[in-house]
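User: I'd like to learn how to read the features of a protein model. Could you walk me through this one?

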Amino acid sequence: MQQGNVDLTPFFDFDSPVERAGTWSTRWDRYAGRDVIPLWVADSDFRAPPAVLDALAARAAHGVFGYTTAPAALTEAICERLERRYGWRVEASWIVYLPGVVPGLHLAARKLVPPEGHVLVPRPVYQHLKRAAELAPRRFTEIPLHLERGRWVFDPDELGKEADLFFLCNPQNPGGTVFRRGELEAIAGATGGALIVSDEIHCDLVLDADLKHVPIASLSPEVSRRTVTLMSASKTFNFPAAGCAWAVIEDERLRRAFAAELVAHVLHSPSVFGYEATLAAFRDGDGWLAAQLEYLRGNRDLVERTLKLPMAHVEATFLAWIDCSALGIESAYEFFLQSGVALSPGPQFSAPGHFARLNFATQRVRLAEALSRMRAAVERRAQR
């Protein structure tokens with residue numbers, strides 16, 4: 001692939017297999033000892049960028065891992081990156097560090113919604129948006145996304161319910177939608193004065209070259225002041241176990257309410273390795289990212305070309321949302337597991353069992369084998 005006049009292909013290897021068995025991998029250990037290809041939990045099978053590995057090695061060589069303060073250099077790097085990539089100008093004081101995006105979702109439900117409050121949650125969606133409301137606990141209403149012209153989108157008329165908070169997943173997981181500016185403006189308008197908590201962890205994983213991620217808080221000062229944007233580099237550069245995320249919150253009152261439990265040490269701070277990895281990725285990881293996106297496009301195209309099942313075109317993320325209703329089965333997860341491929345089950349995302357989510361961030365040879373097994377299972381089903 002090309003970036004400017006430089007060919008990046010020889011520098012980054014996404015094809016060589018990485019043995020993850022025995023490394024305490026959540027995704028791989030669940031099916032250890034079985035002939036199962038695990039394509040479920042949303043981490044990748046790619047080594048992190050060389051710059052990240054070098055930074056972690058240097059920190060490990062230092063040998064002292066004491067309590068750590070968030071580095072000012074990282075805050076500066078985040079602000080610079082958001083302006084450069086998205087035209088979104090944020091102040092350093094708006095950033096609140098977190099150990100992960102998921103704690104941020106749960107913190108928002110508990111601290112920003114009154115006990116008698118009401119939350120709007122998309123459906124289908126990454127499970128922790130709904131779980132945050134359930135465990136707070138807060139009353140919630142699920143707002144369906146609709147498949148229109150190959151994209152999962154909202155009907156703004158269905159967003160007009162009175163609520164204290166609206167959870168948004170942007171880009172959408174599991175549907176893979178990159179919301180356009182006009183669609184986000186419609187969402188912001190339809191939700192009225194409700195707070196918006198936007199999970200934007202997949203923002204750098206836009207696969208279609210003609211599309212661009214738009215942070216919903218960047219739409220206007222008015223929208224920014226009622227938005228909590230949750231972000232992390234860990235999904236893009238594959239170091240989720242290092243633990244580092246942040247919230248961008250312009251409104252000072254909102255920021256204080258959100259961060260109160262952080263000050264009280266109910267949630268721990270990010271890992272020192274998370275700080276190091278994020279800073280290295282933002283300083284020196286963009287070449288690796290460009291190469292990874294090119295590789296993921298190839299994997300995405302292979303999935304869409306091989307499986308003769310309905311699915312939305314994956315505009316962003318490395319996750320395909322597959323509709324197996326035509327097979328007449330109750331559980332797509334169980335159906336494909338019997339053929340040696342483990343996907344994420346639809347009910348995990350508040351969807352029927354005939355849906356499943358496939359993680360295609362793996363070596364292409366492994367992905368091709370998984371797709372071959374899945375296609376054979378579909379063909380056997382069709383012959384019954």
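User: Let me begin with one residue: is Leu-184 buried or exposed?

Analyst: Happy to help, and do keep in mind that this is a predicted model. To call a residue buried, we ask for a relative accessible area under 20%. Leu-184 has a relative accessible area of 0%, so this residue is buried.

User: Which element is Leu-184 found in, and which residues is Leu-184 in contact with beyond its sequence neighbours?

Analyst: Leu-184 is found in helix H6. If we leave aside neighbours within four places in sequence, Leu-184 is in contact with Leu-168, Asn-170, Phe-179, Val-214, Ile-216 and Leu-219. A contact here is a pair of heavy atoms within 4.5 Å. You can also check a C-alpha distance: Leu-184 and Pro-156 are 28 residues apart along the chain, and their C-alpha atoms are separated by 9.8 Å.

User: Which residues of H6 are buried, and where do they sit around the axis?

Analyst: For a helix, look at which residues are buried and then at how they are spread around the axis. In H6, residues 181-190, the buried ones are Leu-184, Ile-187 and Ala-188. They cover an arc of only 95° around the axis, so they are on the same side of H6.

User: What covers the buried residues of H6?

Analyst: The cover includes three strands, S7 (151-154), S8 (165-169) and S9 (195-199), together with helix H7 (221-224). As for what comes after H6, the helix is followed by Gly-192, which has a positive phi near 60°.

User: How should I read backbone angles in general?

Analyst: Most residues other than glycine have a negative phi, and most peptide bonds are trans. The exceptions are worth a look, and I can show you some here.

User: Which residues that are not glycine have a positive phi, and are they buried or exposed?

Analyst: Two cases to look at are Arg-149, with a phi of about 50°, and Asn-238, with a phi of about 60°. Arg-149 has its place in the loop between S6 and S7. With a relative accessible area of 84%, Arg-149 is exposed. Asn-238 lies in the loop between helix H8 (234-237) and strand S11 (245-249). Its relative accessibility is 15%, so Asn-238 counts as buried.

User: And where are the cis peptide bonds?

Analyst: One runs from Ala-136 to Pro-137, with omega near -20°. Pro-137 has its place in the loop between helix H5 (127-135) and strand S6 (139-148). Another cis bond runs from Asn-173 to Pro-174, with omega near 25°. Pro-174 is found in the loop between S8 and H6, so that takes you back to the helix we began with, H6, where Leu-184 is buried at 0%.

User: Now a strand residue, please. What does Leu-98 touch?

Analyst: The idea is to pair the accessible area with the list of contacts. Leu-98 lies in strand S4 (residues 95-98) and is buried, with a relative accessible area of 0%. Not counting residues up to four places away in sequence, Leu-98 touches Gly-104, Leu-107, Leu-230, Cys-244, Ala-245, Trp-246, Ala-247, Phe-258, Leu-262 and Pro-270. Leu-98 and Ala-108 are ten residues apart in sequence and 12 Å apart in space, C-alpha to C-alpha.

User: Is Ser-344 buried or exposed?

Analyst: Ser-344 has a relative accessible area of 1%, so this serine is buried. Ser-344 is found in strand S14 (residues 344-345). Beyond neighbours within four places in sequence, its contacts are Trp-40, Val-41, Phe-349, Ala-356 and Arg-357.

User: How do I step back and read the whole chain?

Analyst: Start with the elements: the protein chain has 13 helices and 15 strands. Next comes overall size. A compact globule of 384 residues would have a radius of gyration near 21 Å, and the protein chain agrees with 21 Å. Its C-alpha atoms fill a box of roughly 60 × 55 × 40 Å along the principal axes. Of the 384 residues, 56% count as buried. Among contacts with a separation of 6 or more, 75% come from residues 24 or more positions apart.

User: What about the surface and the charges?

Analyst: The protein chain exposes about 16,600 Å², with carbon and sulfur atoms supplying 51% of it. There are 42 positive and 46 negative side chains, and the centres of the two sets lie 3 Å apart.

Terms used. Residues are numbered from 1 along each chain as its sequence is written. This is a predicted model: local features need pLDDT of at least 70, side-chain atom pairs count only at pLDDT 80 or more; totals for chains, interfaces and linings use all residues. Side-chain values use heavy atoms; hydrogens and water are left out. Helices (H or I, at least four residues) and strands (E, at least two) are DSSP runs, numbered from the N terminus. The radius of gyration is taken over C-alpha atoms; the globule rule is 2.2 Å times the number of residues to the power 0.38. Buried means under 20% relative accessible area, exposed over 50%, partly exposed in between (1.4 Å probe, protein chains only). Accessible areas come from the Shrake-Rupley method with a 1.4 Å probe; for residues, only the protein chains shown count as cover. Lys and Arg count as positive and Asp and Glu as negative; His and the chain ends are not counted. The place of a charge is taken as NZ of Lys, CZ of Arg, CG of Asp or CD of Glu. The arc is that of the directions from the helix axis to the C-beta atoms.
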